[in-house]
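Trainee: I would like to go through this model one piece at a time. Please keep the answers short.

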Amino acid sequence: MDLNFTPEEDAFRAEVRSFLKDNLSEELATKVRNGEELGKADIESWHATLQSRNWLAATWPVEYGGPGWNAVQRHIFDEECCLANAPRIVPFGLGMLGPVLIKFGTEKQKADILPRILDGSDWWCQGYSEPGAGSDLASLKTRAIREGDDYIINGQKTWTTLGQYADKIFCLVRTSTEGKRQEGISFVLVDIKTPGIEVRPIKLIEGGYEVNEVFFSDVRVPVSNLVGVENEGWTIAKFLLTHERTGIAGVGASTQALHELKALARKLKRRGKPLIEDPLFAARIAEAEIDLEALRMTNLRVLVDASGGAASNTIASMLKIKGTVIRQNLDDLARRALGPAAAPFPMEALAGNLAVAPPEAAASAASYFNNRKLSIFGGSNEIQRNIIAKDIFGA
Amino acid sequence: MNFNQTDDRRMISDSLRRYLADQYPVEHRIKIAYDAPFHDAKKWGELAELGILGALVSEDQGGFGGEGFDIAIVFEEFGRTLCPEPMLGNLMGLRLYAAFGQSDKVDAIIAGTARTALAVFEAEAFTDTSEIATSATQSGENWTLSGRKSLVYGGHAADTLLVAARTPAGKIGLFEIEAKAADIHSYAMIDGGGAAEVGLDNVSAKCLSGDAGETIEAALDAGRLALCAEAVGAMDVLKEMTKDYLMQRQQFGRPIATFQALQHRLVDLSIEIEQARSITIHAAGAVDTPGRALAVAKAKNLIGRAGKLVAEEAVQMHGGIGMTWEYAGSHYAKRLTMIDAQLGDKEDQLRRVMELMSA
Ligand SMILES: Cc1cc2nc3c(=O)[nH]c(=O)nc-3n(C[C@H](O)[C@H](O)[C@H](O)COP(=O)(O)OP(=O)(O)OC[C@H]3O[C@@H](n4cnc5c(N)ncnc54)[C@H](O)[C@@H]3O)c2cc1C
């Protein structure tokens with residue numbers, strides 16, 4: 001066993017770090033650190049910065065404009081970005097649709113669409129979930145009926161993250177009601193400006209706006225927008241879900257959250273002493289650090305294994321469960337570090353300069369509530385347990 | 001032993017329950033709780049008419065209740081509807097006015113014609129009155145206060161404030177000021193309802209007591225008991241909502257309530273809620289006894305743990321719906337989470353229990 005990174009990997013880390021130092025503005029990093037909602041322009045400009053170095057599409061092979069990194073390099077890149085408080089890369093075009101097209105798309109689809117993802121011409125969002133189809137995705141009902149060279153789509157998608165900024169949406173739609181439910185699903189690309197589409201905002205628990213409902217009524221989409229084979233979209237959906245799970249452990253983000261938590265506990269005073277000297281609170285931080293240390297190692301074990309092949313479903317599910325629970329615990333601790341000062345609505349408190357909490361922590365409660373989503377989306381933690389149980393019991 | 005409520009209390013809690021269900025349907029609550037003035041000011045007089053405020057102090061102090069069980073029934077009903085009226089600040093203020101014999105003020109508050117709030121904590125003194133830095137200065141008969149008070153619950157809707165401040169003798173005194181005389185900035189809290197930052201720059205004050213530390217602690221414990229009862233009410237409702245949702249939501253061709261993995265989790269919530277109810281009853285029975293501090297600290301610790309569990313599990317078992325503003329359950333979850341942070345969280349209470357245990 002050798003638990004060290006290779007000299008090449010260390011050099012790569014140094015290169016990423018110095019790039020971030022030179023190219024990530026203080027202003028943007030501060031927004032990310034303070035948990036402020038990022039606008040479209042913030043995200044687009046950060047994507048463009050990464051693309052200028054060819055580092056935007058971390059999972060894409062070189063021939064399609066990616067950096068051609070292996071899993072360990074991607075991990076190092078992600079970790080450094082998190083530690084520098086870089087904005088998270090919006091994954092729908094880059095991490096999801098890109099790999100799907102590279103595997104299932106026609107040459108024309110790849111040539112038309114991939115460059116526009118890289119240069120930011122198209123913002124994509126993910127249209128999978130429906131009001132009646134969440135964990136049970138295969139029960140989706142949004143219907144696409146063929147009429148000449150078009151599909152006519154009717155139905156509704158929901159929980160569409162950042163759909164308010166999107167130009168395009170990739171959808172799972174039902175093209176057949178025969179046979180098994182999984183067999184009548186197709187993967188279709190839709191321009192969100194097509195007549196008949198309406199995007200409505202959903203306000204989340206903490207008051208933020210990042211998800212939407214998307215309604216389709218008689219939306220006409222050319223059949224050439226089908227990806228892969230009609231009625232075989234489920235294969236793509238499953239492929240995409242495994243992609244969605246790489247990096248799902250969120251080790252980089254949790255490492256940064258732990259740093260911030262410690263800094264906060266050093267800064268805040270309780271009973272005349274820094275909070276970090278309070279044995280009860282310090283014990284909670286220490287436990288979180290222990291859990292994260294183990295997760296880091298599990299994640300690396302998987303990454304190094306996966307460099308040769310795909311990580312098993314079970315391990316990916318384990319990383320998802322443990323990674324989200326650890327992150328949620330860190331958010332909980334940051335909120336609790338503030339005591340009652342976590343309560344004021346962050347934007348009001350900051351605007352009126354009333355915050356009792358330091359600015360970088362004023363949104364702690366909001367982030368805590370918002371990140372309850374982590375154990376719900378991307379396959380809920382219960383669904384992940386079902387996957388692991390199947391593996392253990394072989395049923 | 002007898003765990004039944006007296007008829008008088010049952011009448012109050014029944015009429016309050018009906019009133020709140022009628023006047024604070026959850027959509028209305030969500031509409032008013034997050035925008036200034038963060039409550040429905042017109043309703044205060046009606047609540048007073050129902051006898052809610054009188055129930056919070058004893059007969060010889062001008063009210064007609066005042067025991068722990070009286071406090072608990074009122075706040076449990078508040079918890080059931082997430083009522084955002086600033087009752088917590090008035091409870092603590094009322095008990096302090098009563099303790100220091102201010103019968104005019106007690107009468108006015110009970111009648112609903114005046115409102116008050118207790119300003120104790122500061123940015124670096126959130127759990128413990130011993131760290132209070134706000135100072136009281138005396139010149140002749142006149143007192144003035146300087147400092148800043150944070151997270152004053154109900155401070156946005158009070159006519160007078162009761163302020164804990166350090167006296168020249170180094171004691172914690174209790175002072176009354178006109179709210180108008182202070183620099184008050186109010187805001188919504190993330191779980192709804194209002195609070196205020198209170199700036200004090202040589203504000204003239206009336207001294208109610210030059211050594212009020214113990215009495216203030218007792219009022220804070222009454223407030224902690226109230227929060228425990230409020231949490232029990234909110235937990236009951238959120239658990240019911242979750243049960244209903246599990247029975248109604250279909251995935252994989254059947255109600256998700258049929259998945260045993262989820263059933264067991266709802267069962268665990270039910271067990272913790274009964275524990276929460278029991279420890280709250282225990283604390284209610286102890287508020288006027290020497291065991292007050294220990295009993296209340298135990299209750300608030302357990303409530304903090306149970307509230308977080310119920311909130312997190314309810315959101316999780318609802319899936320995406322539980323994450324939305326529009327769904328009432330998310331507001332119950334926020335309230336249950338943030339109750340822990342008020343008047344000392346579960347860790348603060350644990351510390352108190354550890355100290356009192358070994359004393
Ligand atoms: C903030 C946010 C952003 C999202 N972004 C997107 C997006 O961009 N695009 C998109 O398509 N979707 C998105 N989603 C949707 C997400 O994938 C779904 O919420 C998720 O699949 C769960 O589905 P559901 O909400 O319908 O819950 P349900 O499936 O109704 O589940 C409710 C509860 O039952 C549990 N449960 C269900 N089945 C079982 C079972 N068999 N055994 C045990 N427990 C079970 C679940 O774990 C959950 O706790 C997003 C969701 C959120 C909250």
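The questions below take the annotated domains, then some single residues, then the ligand.

Trainee: What kind of model is this, and which span of chain A does UniProt give to the feature "domain: Acyl-CoA dehydrogenase/oxidase N-terminal"?

Mentor: The model is predicted. The annotation comes from an unreviewed UniProt entry. In chain A that stretch is 67% helix and 0% strand, with its end C-alpha atoms 34 Å apart. The span in the record is residues 6-120 of chain A.

Trainee: How far apart are the end C-alpha atoms over residues 6-103 of chain B?

Mentor: An unreviewed UniProt entry labels this stretch "domain: Acyl-CoA dehydrogenase/oxidase N-terminal". The stretch is 60% helix and 0% strand. Its end C-alpha atoms are separated by 27 Å.

Trainee: What is the strand content of residues 125-219 of chain A?

Mentor: According to an unreviewed UniProt entry, these residues form "domain: Acyl-CoA oxidase/dehydrogenase middle". The helix content is 0%, and the end C-alpha atoms lie 17 Å apart. The strand content is 52%.

Trainee: Is Gln182(A) buried, partly exposed or exposed?

Mentor: Gln182(A) sits in the loop between β4 (168-174) and β5 (185-191) of chain A. Beyond its neighbours within four places in sequence, Gln182(A) contacts Ala138(A), Asn231(A) and Trp234(A). Its relative accessible area is 25%, so Gln182(A) is partly exposed.

Trainee: And Glu79(A), is that residue buried or exposed?

Mentor: Glu79(A) belongs to helix α4 (residues 71-83) of chain A. Leaving out residues up to four places away in sequence, Glu79(A) touches Arg13(A), Val251(A), Gly252(A), Thr255(A) and Arg296(A). The cut-off for buried is under 20% relative accessible area. Because the value for Glu79(A) is 9%, the residue is buried.

Trainee: Which elements of chain B cover the buried residues of α6(B)?

Mentor: Helix α6 of chain B runs over residues 103-111, and Val106(B), Ala108(B), Ile109(B) and Ile110(B) are buried in it. Just after the helix, Gly112(B) has a positive phi of about 85 degrees. The cover over those buried residues includes α3 (44-49), α5 (87-99) and β1 (116-119) of chain B.

Trainee: Where does the ligand lie with respect to the chains?

Mentor: The ligand is surrounded by 29 residues. The closest are Ser135(A), Thr161(A), Ser380(A), Glu382(A) and Arg249(B). Its place is between chains A and B.

Trainee: Which elements each supply at least two residues of the shell around the ligand?

Mentor: By class, the shell has 12 nonpolar, 13 polar and 4 charged residues. Both chains provide elements of this kind. They are β7 (209-222) and α13 (381-393) of chain A, with α9 (292-318) of chain B.

Trainee: What share of the area that the ligand exposes alone does the protein bury?

Mentor: Consider some polar contacts first. Oxygen atoms of the ligand lie 2.5 Å from a polar side-chain atom of Glu382(A), 2.6 Å from a side-chain N or O atom of Ser135(A), and 3.0 Å from a polar backbone atom of Tyr128(A). Taken alone, the ligand exposes 970 Å², and the share buried by the protein is 95%.

Methods. Residues numbered from 1 in each chain as written. Chains lettered and ligands numbered in written order. Predicted model: local features only at pLDDT ≥ 70, side-chain atom pairs only at ≥ 80, totals over all residues. Heavy atoms only, no water. UniProt positions renumbered as here; feature names shortened; annotations may be inferred. Helix = DSSP H or I, 4+ residues; strand = E, 2+ residues; numbered from the N terminus. Buried < 20%, exposed > 50% of the residue type's maximum accessible area, 1.4 Å probe, protein only. Contact = heavy atoms within 4.5 Å. Near = heavy atom within 4 Å. Polar contact = N/O pair within 3.5 Å; in protein donor to acceptor, adjacent residues only side chain to side chain. Areas by Shrake-Rupley, 256 points an atom, 1.4 Å probe, with all protein chains shown as cover. Nonpolar A, V, L, I, M, F, W, Y, C, P; charged D, E, K, R; others polar.
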